[in-house]
Amino acid sequence: MYKLRQFLCWLKRVVDWMLIPKLFWLSFVTIFLICIPLQIFGASELIFRLSGLVLQCFSILTVIWGIHITRSQFNQPSLTSVVVDWLKRFPTYHKGKTIMGELSGENSSTGRLEFKNWDDLHENPTLEDRVHAAEKNLNILRSSIKNMHNRIDEQNQAQNELLKKESSERLQEVSKLRDSILNLGTGGLHISAIGAFWLFVGVVLSTTAPELEKLLNISSSQTRLDTSDCQCHRNNSKISELKRRGAG
């Protein structure tokens with residue numbers, strides 16, 4: 001039971017490994033499907049040309065798919081949506097009404113914040129009043145300076161956090177931009193390679209269709225002749241064997 005489970009896990013890993021080049025297998029499966037009509041309807045020039053035409057159309061579809069991927073990477077609308085939007089802009093025949101409007105406004109605000117915490121002295125203050133007022137104003141000044149330092153520290157801390165956040169976001173954007181450039185330059189190469197492969201096979205089938213038909217017909221004729229010769233040789237052998245038996 002353990003060996004069976006181990007074998008199934010290994011088989012699953014093998015299947016996953018084989019499915020990595022999915023587009024590679026897709027290209028050859030397409031060629032195999034194109035060859036099926038040759039087996040059903042025979043190796044005629046028309047079938048070769050139609051098969052080549054189908055492969056060339058598939059290669060054009062890969063080009064269209066590559067354009068779609070490139071536009072989606074730059075957050076551009078698809079070609080279908082562009083065409084639909086263009087059709088919706090078709091001008092109508094009836095004369096429409098033109099509505100004109102004007103919007104104006106003024107928004108201004110001014111603010112002024114003043115505070116006076118100093119201890120005002122009355123007329124003819126005594127020395128004790130002056131000392132008391134000086135001590136009170138000194139405490140107020142010390143508290144104001146402390147509050148100002150706290151606000152500055154909070155602002156500095158907020159600015160530092162904002163700078164760190166912005167730096168992190170910039171690094172992420174640079175990484176995304178690098179990946180986008182890399183995908184733009186090399187991401188569609190596998191699709192282009194498959195399109196080029198289909199185009200090559202399609203052009204070969206369409207161009208050399210008469211020669212391929214003659215070649216396959218000659219091969220099939222030679223095969224039939226060999227089969228006939230073998231059959232004749234067997235028949236002659238049987239006849240000779242019967243003659244020997246009759247003579248005996």
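Valine 63 lies in helix α3, so let's use that helix as a way into this predicted model.

**Exercise 1.** Work out what span the 29 residues of α3 should have, and check it against the end C-alpha atoms.

*Solution.* Start with the rule: the expected span is 1.5 Å times one less than the number of residues. For the 29 residues of α3 that gives 42 Å. Now look at the ends: their C-alpha atoms sit 43 Å apart, which agrees. Just past the helix comes asparagine 75, with a positive phi near 55 degrees.

**Exercise 2.** Find which helix gives the largest share of the nonpolar surface patch.

*Solution.* First, list the members: Val54, Phe58, Ile60, Leu61, Val63, Ile64, Ile67 and Leu79, with about 660 Å² of accessible area together. Next, place them: helix α3 (residues 45-73) supplies seven, the largest share. Finally, turn to the buried residues of α3: Ile47, Phe48, Ser51, Gly52, Leu55, Ser59 and Thr62.

**Exercise 3.** Describe the aromatic pair of phenylalanine 7 and tryptophan 10.

*Solution.* The structure has three aromatic pairs. In this one, the ring centres are 5.9 Å apart and the planes make 35 degrees, so the pair counts as tilted, between the 30 and 60 degree limits. Both residues lie in helix α1 (residues 2-18), three residues apart, or about one turn. Residues three or four places apart in an α-helix point the same way, because a turn takes 3.6 residues.

**Exercise 4.** Which parts does the pair of phenylalanine 58 and tryptophan 198 tie together?

*Solution.* This pair is tilted too, at 5.6 Å centre to centre and 55 degrees between planes. Phenylalanine 58 is in α3 and tryptophan 198 in α6 (residues 189-207), so the pair links parts 140 residues apart in sequence. As for cover, phenylalanine 58 is partly exposed at 30% relative accessible area, while tryptophan 198 is buried at 7%.

Methods:
Residues are numbered from 1 along each chain as its sequence is written. This is a predicted model: local features need pLDDT of at least 70, side-chain atom pairs count only at pLDDT 80 or more; totals for chains, interfaces and linings use all residues. Side-chain values use heavy atoms; hydrogens and water are left out. Patches are made of residues with over 30% relative accessible area and no salt bridge: like charges are joined within 9 Å, nonpolar side chains (Val, Leu, Ile, Met, Phe, Trp, Tyr) within 5 Å. Accessible areas come from the Shrake-Rupley method with a 1.4 Å probe; for residues, only the protein chains shown count as cover. A salt bridge is a side-chain nitrogen of Lys or Arg within 4 Å of a carboxyl oxygen of Asp or Glu. Helices (H or I, at least four residues) and strands (E, at least two) are DSSP runs, numbered from the N terminus. Buried means under 20% relative accessible area, exposed over 50%, partly exposed in between (1.4 Å probe, protein chains only). Rings of Phe, Tyr and Trp (its six-membered ring) pair if their centres lie within 6.5 Å; planes under 30 degrees apart count as stacked, over 60 as edge-to-face and the rest as tilted.
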